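I opened this entry to look up how the helices and strands of the model are arranged, keeping in mind that the model is predicted.

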Amino acid sequence: MNSPTTQVYPIVWHEDRVLLIDQTRLPHKYVVVEIKCCEDMAEAIKTMIVRGAPAIGVAAAYGMYLGAREINTDEREMFLNQLEEVAQVLRQTRPTAVNLFWAIARMLKTAHETIGSIEHLKSSLLATAQAIQLEDLQTCHAIGDHGLEVLPTKPEQLCIMTYCNAGALATAGYGTALGVVRSAWREGRLARVYACETRPRLQGAKLTAWECLQDRIPVTVITDNMAAHCMNRGLIDAVVVGADRIAGNGDTANKIGTYSLALVAKAHNIPFFVAAPLSTIDFDLPTGSQIPIEERHPSEIYQVGETMICPPGVEFYNPAFDVTPANLISGIITERGVVVPDQLQQFQFQASA
Ligand code: MRU
C-alpha cells in the first residue's frame, strides 16, 4: 500500500476571492493567481491558467458568483437578467468541455429557484459553487475507486498509459484518469504511469509528470508518437484517459491525439478506458459528431517557447480535441460505476443539473 491522496488543489476559495494555481507556469514555477471578478475568471479559463473539464466547471461556477456579487440592484428580474449576461461572458471562453455549461446551468437554476432577498440569492450562489467543488472532489475519489474494478488483474502491478492531464489539476482534486492511477497506486496495483507528452500544449509532459512526482508515483514521459511502439513492446497494460464531453452514445471528446491512442490500443488488444464524472456526459447530443471542437491559435504549433519551429508562410490547423468513437472504448468509469458506452443511457436522469 502506498500513500493515497494528493495535496494538489488547483482552485481554492479564500476569504472573498478565488486562488488558482497558474497551470501555464508549471512545472518550473508554482504561481498562484488571485481572481476577484468574473472577467478575470473568464480570461483565466480562456488562457488555460485553469484547464481540464471538471476544473473549468468549478472555475465557471465561482465566476458566476463573482459576477453576481457585483450586480447592483434590489430588483429580482433585473438581477436575473444581469446574471444571464455574466453567464454569457463565461460561456464564450471554451466550447468543448461540457462541464463549463453544466456548471453555469446549475448556478442559474440556483438563482431562479432561490426565494428571498438579492443578498440571500448571492450567498446561495456562493454555496452552490462550493458544493460543485466539493462534489467534484468526492466524485473523483469514487471514479478512482471504481476504476479498480475494471483494471486488468494481471500482471499484479500495472503499467498504465495516460494522455493529457486528467489529474488533480484538471479537477477539484485527485483527478479522473489520474484518480484511477492514484487509487491503483494506493492499492499497490500500479508499477508505472506512461504519460504521453500531449502536443501541442504538453499537459502530459508538464502537468501529469509534475503531479506524479508530487505523489512519488513512478512516471515515464514519452512523446506522443512513441505510444504504438510502447504498446507493441508489451510495456502497457491499460490506457486510461479523461473526457471533455461524452455524447449519449458514448463517443468521447478528449484532448487531440486521444483518438489515435484508442485506435492503437485496439490494434494491440489493450483495454482503453475513459474516466469522467456524469457531469461530462451530454445527453442532448446523440453522437460525437455534434460535439463542438475548439480550434486554438496556430502559435501553439509553430512556436515552442520563444522559438519558431516552422518556416514562415505555411498554414496550420490546430483543433484542441478529437472524438474517439464509442466502439474503441472498453468502459466509461464514472462515480456511479463503470459502463460500456452503449449502456450509458441508464445515467441520463442522474446526470442533469
Ligand atoms: O485543453 P485542456 O488542457 O483543458 O484539455 C484537457 C483534457 O483534454 C482532459 O483530458 C479533460 O478535460 C479531462 S480532465 C479530468
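I began with the pair of helices α5 (residues 118–150) and α6 (residues 177–186), whose axes come within 7 Å and cross at roughly 65°. Since angles of 65 to 115 degrees count as roughly perpendicular, I noted that α5 and α6 are therefore roughly perpendicular to each other. I also looked up the hand of the crossing of α5 and α6, which is right-handed.

Next I asked which residues of α5 meet α6. On the α5 side I found Ile143, Gly144, Asp145, Gly147 and Leu148, and they meet Gly179, Val180, Ser183, Ala184 and Arg186 in α6. Sorting the residues of this contact by character, I recorded four nonpolar, four polar and two charged.

I then turned to the sheet, which is open and consists of three strands in the order β1-β2-β3, with antiparallel pairing. At its edges I found β1 (11–14) and β3 (32–35), each with a single partner strand, so one side of each is left without a neighbour in the sheet. Direction ignored, neighbouring strands of this sheet are turned by 25° against each other on average.

For the pairing of β2 (residues 17–21) with β3, I noted that the two strands run antiparallel and are joined by four bridges. Within these strands I looked up Leu20, which stands opposite Val33 in β3.

Last, I asked what packs on the sheet. I found helix α2 (residues 53–69) there, touching β1, β2 and β3, and its direction makes about 25° with that of β1.

Definitions and conventions
Residues are numbered from 1 along each chain as its sequence is written. This is a predicted model: local features need pLDDT of at least 70, side-chain atom pairs count only at pLDDT 80 or more; totals for chains, interfaces and linings use all residues. Side-chain values use heavy atoms; hydrogens and water are left out. Axes are lines fitted to C-alpha atoms, for helices over the stretch in contact, and angles run from 0 to 180 degrees between N-to-C directions. Angles under 35 degrees count as roughly parallel, over 145 as roughly antiparallel, 65 to 115 as roughly perpendicular and the rest as oblique. A crossing is left-handed if the near helix is turned anticlockwise from the far one by less than a right angle, and right-handed if clockwise. Contact means heavy atoms within 4.5 Å. Ala, Val, Leu, Ile, Met, Phe, Trp, Tyr, Cys and Pro count as nonpolar, Asp, Glu, Lys and Arg as charged, and the others, Gly among them, as polar. Two strands pair if DSSP finds at least two bridges between them.
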